[in-house]
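Let's walk through a protein model together, one step at a time. Take a moment to look at the picture before reading on.

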Amino acid sequence: MRAVELLKLDRQTRETVTRQAGIRSSLGNLYRQVGDLAQARQHYEEGLQATQAVRDPRRTLVATGNLLRGLAAVAFAQGDYQTALQRGVEAVGALEERLRSGRGDRARENARRHLALTLVIVGNAHRELGNAADARAALQRAREIARDLGLEDLEAQSIAGLARVELANKDLSQ
């Protein structure tokens with residue numbers, strides 16, 4: 001936390017804001033993993049507020065998408081599937097906007113990884129809300145990105161999500 005406070009004292013450049021967002025995202029992830037969803041949400045929201053301090057928000061799209069994905073994951077874990085879907089869709093929008101900018105292969109690959117992770121949450125939220133077709137579309141897209149990037153664990157998550165959609169709809173032929 002001291003690191004975030006020190007960064008807040010520094011001039012708010014894209015670099016310092018991105019670092020703040022990264023720290024907040026990491027803290028949010030840690031709190032979410034240990035089940036403290038209120039603390040996780042607080043860190044994600046504070047990180048998101050930090051990204052809004054940048055004059056050109058296009059410079060922090062991946063950080064914004066990552067923080068929104070964290071908020072979607074918290075909402076999903078709390079059973080608030082509508083909010084999970086809303087935050088997930090916002091995250092997808094930010095990440096897709098970053099991908100349209102076309103800068104840097106490594107940054108593009110990172111944005112695609114974050115996009116696939118987010119699409120899994122979006123797909124699962126759609127499934128919980130009874131939107132089977134939208135769930136399939138999001139999870140299939142996540143699977144394709146994961147396969148393209150060679151992310152076997154993420155591809156497996158996507159496949160598992162697709163299987164849950166078919167089980168929920170009693171369609172075992174898929």
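When two helices cross, the crossing is called left-handed if the near helix is turned anticlockwise from the far one by less than a right angle, and right-handed if it is turned clockwise. Keep that idea in mind, and remember too that what you are looking at is a predicted model.

Start with the whole chain. Its secondary structure comes to eight helices and zero strands, so to follow the elements from the N terminus you would read α-α-α-α-α-α-α-α. The protein chain has 174 residues, and buried residues make up 43% of them. Now think about contacts between residues with a separation of 6 or more: in this chain, 55% of those come from residues 24 or more positions apart.

Next, let's look at how some helices sit against each other. Find helix 3 (residues 37–51) and helix 4, which pack at an angle of about 155°, with their axes 9 Å apart. Because of that angle, helix 3 is roughly antiparallel to helix 4; the cut-off for this description is an angle over 145 degrees. Here the idea from the start comes in: helix 3 passes helix 4 in a left-handed crossing. On the helix 3 side, the residues making the contact include L37, Y44, L48 and T51, while among those on the helix 4 side are A63, T64, L67 and L71. Sorted by class, this contact of helix 3 with helix 4 has 10 nonpolar, four polar and two charged residues.

One residue in this contact deserves a closer look. T51 belongs to helix 3. Is T51 buried or exposed? With a relative accessibility of 3%, T51 counts as buried, because buried means under 20%. The side chain of T51 makes a polar contact with the side chain of T64, at 3.4 Å. Along the chain, T51 and T64 are 13 residues apart, and their C-alpha atoms are separated by 6.5 Å. If you set aside the neighbours within four places in sequence, T51 is in contact with V17, A21, T60, A63, T64 and L67.

Helix 4 has another partner to meet. Helix 4 (residues 61–77) and helix 5 (residues 81–101) pack at an angle of about 165°, and their axes are 8 Å apart. That angle makes helix 4 roughly antiparallel to helix 5. Which hand does the crossing of helix 4 and helix 5 have? Helix 4 passes helix 5 in a left-handed crossing. By class, the contact of helix 4 with helix 5 has 12 nonpolar, four polar and five charged residues.

Now move further along the chain to helix 6 (residues 105–128), where you will find N124. N124 has a relative accessibility of 12%, so N124 counts as buried. Its side chain makes a polar contact with the side chain of R127, at 2.7 Å. Leaving aside neighbours within four places in sequence, N124 is in contact with F76, L139, G161 and R164.

Finish in helix 8 (residues 152–168), the home of S158. S158 is buried, with a relative accessible area of 0%. Which residues does S158 touch, not counting those up to four places away in sequence? They are V120, L139, A142 and R143. Notice a shared neighbour here: L139 is in contact with N124, and L139 is also touched by S158.

Notes: Residues are numbered from 1 along each chain as its sequence is written. This is a predicted model: local features need pLDDT of at least 70, side-chain atom pairs count only at pLDDT 80 or more; totals for chains, interfaces and linings use all residues. Side-chain values use heavy atoms; hydrogens and water are left out. Helices (H or I, at least four residues) and strands (E, at least two) are DSSP runs, numbered from the N terminus. Buried means under 20% relative accessible area, exposed over 50%, partly exposed in between (1.4 Å probe, protein chains only). A polar contact is a pair of N or O atoms within 3.5 Å; within protein, one must be able to donate a hydrogen and the other to accept it, and residues adjacent in sequence count only if both atoms are side-chain atoms. Contact means heavy atoms within 4.5 Å. Axes are lines fitted to C-alpha atoms, for helices over the stretch in contact, and angles run from 0 to 180 degrees between N-to-C directions. Angles under 35 degrees count as roughly parallel, over 145 as roughly antiparallel, 65 to 115 as roughly perpendicular and the rest as oblique. Ala, Val, Leu, Ile, Met, Phe, Trp, Tyr, Cys and Pro count as nonpolar, Asp, Glu, Lys and Arg as charged, and the others, Gly among them, as polar.
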